[in-house]
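Colleague: I would like a close look at a single part of this model and its surroundings. Please take one residue, work outwards from there, and keep it plain.

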Amino acid sequence: MSQDSQPLLRIEGVSLRFGGIVALDSVSFDVAAGQICGLIGPNGAGKSSLFNCLSRLYAWQAGHIRFRGQPLATLARHRMAALGMGRTFQNLALFSSMTVADNVRLGTHSHQHAGFVRDALRLPGVRRREEEARAQAQSLMALLDLTGVAQRRVADLPFGTQKRVELARALACRPQLLLLDEPACGLNHEELAGLGDLILSLRDRLGLTVLLVEHHMGLVMRVSDKVVALNFGRKIAEGTPGEVRAHAEVIRAYLGSDMQPQDQDREVAHAGTA
């Protein structure tokens, strides 16, 4: 296969164990450039474990993960953002005592390489990059409707707004692949209604590829081009949203019975949370 025909992300036979516990059992799937891929499954299915492998927080014991054709197993964790991968977290990982603008600007550091001496001497190149980072942060805050709170402390903002701050910071590293970990978690009905449109808009406007872990089935099925379902660390289904939603093993994994797809649409949205 030529480099140009390779998927942006390829996961091949990845297995992860913690002692006698199997977190991932030979999981394989691809994500093509420009796709939104939903990753679903009940509690303990292995979704977060796989995300942590992609972020190099966990070292898997078997299989391969390749991003842009490059194996990730030997890549240093701090190089992930510079390679072109950004991530949000289910539990916010923000600097709550800092302003929104400062949090977003921090995300630009992964693709800046000024060096300690140049930075300490405040040479022209450093100042230019700082201006570029400031302009990029302002653009992202405008895109995510954060301009009005740019100088407020993150700790003083509602949870839904904090989620958008974390998203802006993840986008500040100019990722090709964006890992969204439970973006709907904790949002109210009004915030949730606009989240799907936001994900689609960001994909189209910024040319992103998105891997989305989410329990809100309505959101996953609406925005995803393809869906991968895990259960007990094993892939049980892969396909279009319609195909996966109607898959008997997916229905059993969530509900423990052969409920009809039209009933699943209503019930699975209320299934467990991570």
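Modeller: A contact here means heavy atoms within 4.5 Å. This is a predicted model, and the residue I will start from is S49. Leaving aside neighbours within four places in sequence, S49 is in contact with L16, F18, A23, L24 and Y58. S49 itself sits in helix α1, which covers residues 47-54. Its relative accessibility is 14%, and S49 therefore counts as buried, the limit being under 20%.

Two of the contacts of S49, F18 and Y58, also form a pair with each other. Their ring centres are 5.2 Å apart and the planes stand at 75 degrees, so the arrangement is edge-to-face. A search of the whole structure finds one aromatic pair, and this is that pair. It links distant parts of the chain: F18 belongs to strand β1 (residues 9-18), Y58 lies in the loop between α1 and β4 (62-67), and the two are 40 residues apart. Neither ring-bearing residue counts as buried: F18 has a relative accessible area of 39% and is partly exposed, and Y58, at 29%, is partly exposed as well.

The strands next to S49 come next. β1 and β2 (residues 21-31) run antiparallel and are joined by seven bridges. Within this pairing F18 stands opposite I21, while L16 has L24 in β2 as its bridge partner. L16 and L24 both appear among the contacts of S49. The hairpin of β1 and β2 has two residues between the strands, and G19 there takes a positive phi near 65 degrees. β1 also pairs with β4, again in the antiparallel sense, over five bridges. One of the partnerships there is E12 with H64 in β4.

Together these strands belong to an open sheet of four, ordered β2-β1-β4-β5, with antiparallel pairing. Its edge strands are β2 and β5 (70-71), each of which pairs on one side only. Helix α1 packs on this sheet, where it touches β1, β2 and β4, and its direction makes about 115 degrees with that of β1. The contacts of S49 with L16 and F18 can be read in that setting.

As for confidence, β1 has the highest mean pLDDT among the elements of the protein chain, at 98, whereas helix α4 (residues 116-121) has the lowest, at 47. Over the protein chain the average is 86, and 85% of the residues score at least 70. Two stretches call for caution. Residues 113-118 stay under 50, and the model has seven contacts for them beyond four places in sequence. Residues 267-274 are also below 50, with 18 contacts beyond near neighbours in sequence.

For the wider setting, the protein chain has eleven helices and ten strands. Of its 274 residues, 47% count as buried. Among contacts with a separation of 6 or more, 66% are between residues 24 or more positions apart.

There is also an open sheet of six strands, in the order β6-β7-β8-β3-β9-β10, with mixed pairing. Its edges are β6 (85-87) and β10 (234-239), each pairing on one side only. Neighbouring strands in this sheet are turned by 15 degrees against each other on average, direction ignored. At one edge, β6 runs parallel to β7 (residues 177-181), and three bridges join them. G86 has L178 in β7 as its bridge partner. Helix α10 (residues 248-255) lies across β3 (36-40), β9 (226-231) and β10, at about 125 degrees to β10.

Finally, the nonpolar cores. In soluble globular proteins, nonpolar side chains tend to be buried together. The largest nonpolar core has 45 residues, and those with the most contacts inside it are I40 and V100. Apart from it lies another core, of 31 residues, including L50, M80, M85 and L230. V100, leaving aside neighbours within four places in sequence, is in contact with M141, L146, V149, A150, R152, V154, L157 and V165.

To return to the starting point: S49 is buried at 14% relative accessibility, in a helix that packs on the sheet and touches β1, β2 and β4.

Terms used:
Residues are numbered from 1 along each chain as its sequence is written. This is a predicted model: local features need pLDDT of at least 70, side-chain atom pairs count only at pLDDT 80 or more; totals for chains, interfaces and linings use all residues. Side-chain values use heavy atoms; hydrogens and water are left out. Buried means under 20% relative accessible area, exposed over 50%, partly exposed in between (1.4 Å probe, protein chains only). Two strands pair if DSSP finds at least two bridges between them. Axes are lines fitted to C-alpha atoms, for helices over the stretch in contact, and angles run from 0 to 180 degrees between N-to-C directions. A nonpolar core is a set of buried Ala, Val, Leu, Ile, Met, Phe, Trp, Tyr and Cys residues joined through side-chain atoms within 4.5 Å. Rings of Phe, Tyr and Trp (its six-membered ring) pair if their centres lie within 6.5 Å; planes under 30 degrees apart count as stacked, over 60 as edge-to-face and the rest as tilted. pLDDT is the predictor's confidence in each residue, from 0 to 100.
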